[in-house]
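Reader: Hey, got a minute to go through this model with me? I'd like to talk about charged contacts, cysteines and a couple of odd backbone spots.

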Amino acid sequence: QVQLVESGGGFVQAGGSLRLSCAISDSIDSINVMAWYRQVQGKQREFVAQITTTGNVNYADSVKGRFTISIDKDVKTGYLQMNSLKPEDTAVYYCNADIYIFNGRLEPHNIWGQGTQVTVSS
């Protein structure tokens, strides 16, 4: 299946750190843009960070200076390093990517992972 699989979520006290991973399935030929979003139950999903294959990055103001997004093309895995975590960072974090799949021809797609829970206590 063409998919993204998040991992690395868990429980952490305020001020702590977590590193999320986003594994990309082998069926995906290449990635153009990878991003992280998060969603609290009952609220709209919000943008966290994104990175292009050329290394250009963008962050939401709420996480800038604390989170770092990166991608390792060799192992087809994206990462979100989260430092100085706050209770308001508690959410389900989703990996998102603009990808290309070869099915007789190269086609662009946007796909989502299933999410990983991050819980930060004060």
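Reader: Which side chain does R38 meet in a salt bridge at 2.7 Å?

Author: That's E46, with 2.7 Å between N and O. Keep in mind that this is a predicted model.

Reader: Are those two buried or exposed, or something in between?

Author: They split. R38 counts as buried, at 5% relative accessibility, while E46 is partly exposed, with a relative accessible area of 35%.

Reader: OK, and what does D89 do with R38?

Author: D89 forms a salt bridge with R38 too, and the closest N and O atoms there are 2.9 Å apart. D89 sits in the loop between β8 and β9, whereas R38 belongs to strand β4 (residues 30–39), so this contact ties together parts that are 51 residues apart in sequence.

Reader: How accessible is D89 itself?

Author: Hardly at all by the numbers: its relative accessible area is 1%, so D89 is buried, the limit being under 20%.

Reader: Which other side chain meets D89 in a salt bridge?

Author: R66, with an N to O distance of 2.8 Å. That pair links distant parts of the chain as well: D89 is in the loop between β8 and β9, and R66 is in the loop between β6 (57–59) and β7, 23 residues away. R66 is buried, with a relative accessible area of 10%.

Reader: So what do R38, E46, R66 and D89 make when you put them together?

Author: A network: the four residues R38, E46, R66 and D89 are linked by salt bridges.

Reader: And how many salt bridges does the count come to?

Author: Four salt bridges. The ones we've gone through include R38 with E46, D89 with R38 and D89 with R66.

Reader: Switching to cysteines. How many disulfides are there?

Author: One. The disulfide joins C22 to C95, with the sulfurs 2.0 Å apart.

Reader: What handedness does the C22 and C95 link have?

Author: Left-handed, with -90 degrees about the S-S bond. C22 is in strand β3 (residues 18–24) and C95 is in strand β9, so the disulfide ties together parts that are 73 residues apart in sequence.

Reader: Buried or exposed, those two?

Author: Buried, both of them: C22 has a relative accessible area of 0%, and C95 is at 0% relative accessibility as well.

Reader: Now the backbone. How do β7 and β8 run, and how many bridges join them?

Author: They run antiparallel, and six bridges join β7 (residues 67–72) to β8 (residues 77–82). One partner pair to look at is D72 with T77, the latter in β8.

Reader: What's in between β7 and β8?

Author: Four residues, in a hairpin. K76 in that turn has a positive phi of about 50 degrees, although K76 is not a glycine.

Reader: How accessible is K76?

Author: K76 is partly exposed, with a relative accessible area of 25%.

Reader: Where does S84 sit, and what's its phi near?

Author: S84 lies in the loop between β8 and β9 (91–102). Its phi is near 50 degrees, again a positive value in a residue other than glycine.

Reader: And what is the relative accessible area of S84?

Author: For S84 it's 41%, so S84 counts as partly exposed, a class that lies between the 20% and 50% limits.

Terms used
Residues numbered from 1 in each chain as written. Predicted model: local features only at pLDDT ≥ 70, side-chain atom pairs only at ≥ 80, totals over all residues. Heavy atoms only, no water. Pairing = 2+ DSSP bridges. Helix = DSSP H or I, 4+ residues; strand = E, 2+ residues; numbered from the N terminus. Buried < 20%, exposed > 50% of the residue type's maximum accessible area, 1.4 Å probe, protein only. Disulfide = S-S within 2.5 Å.
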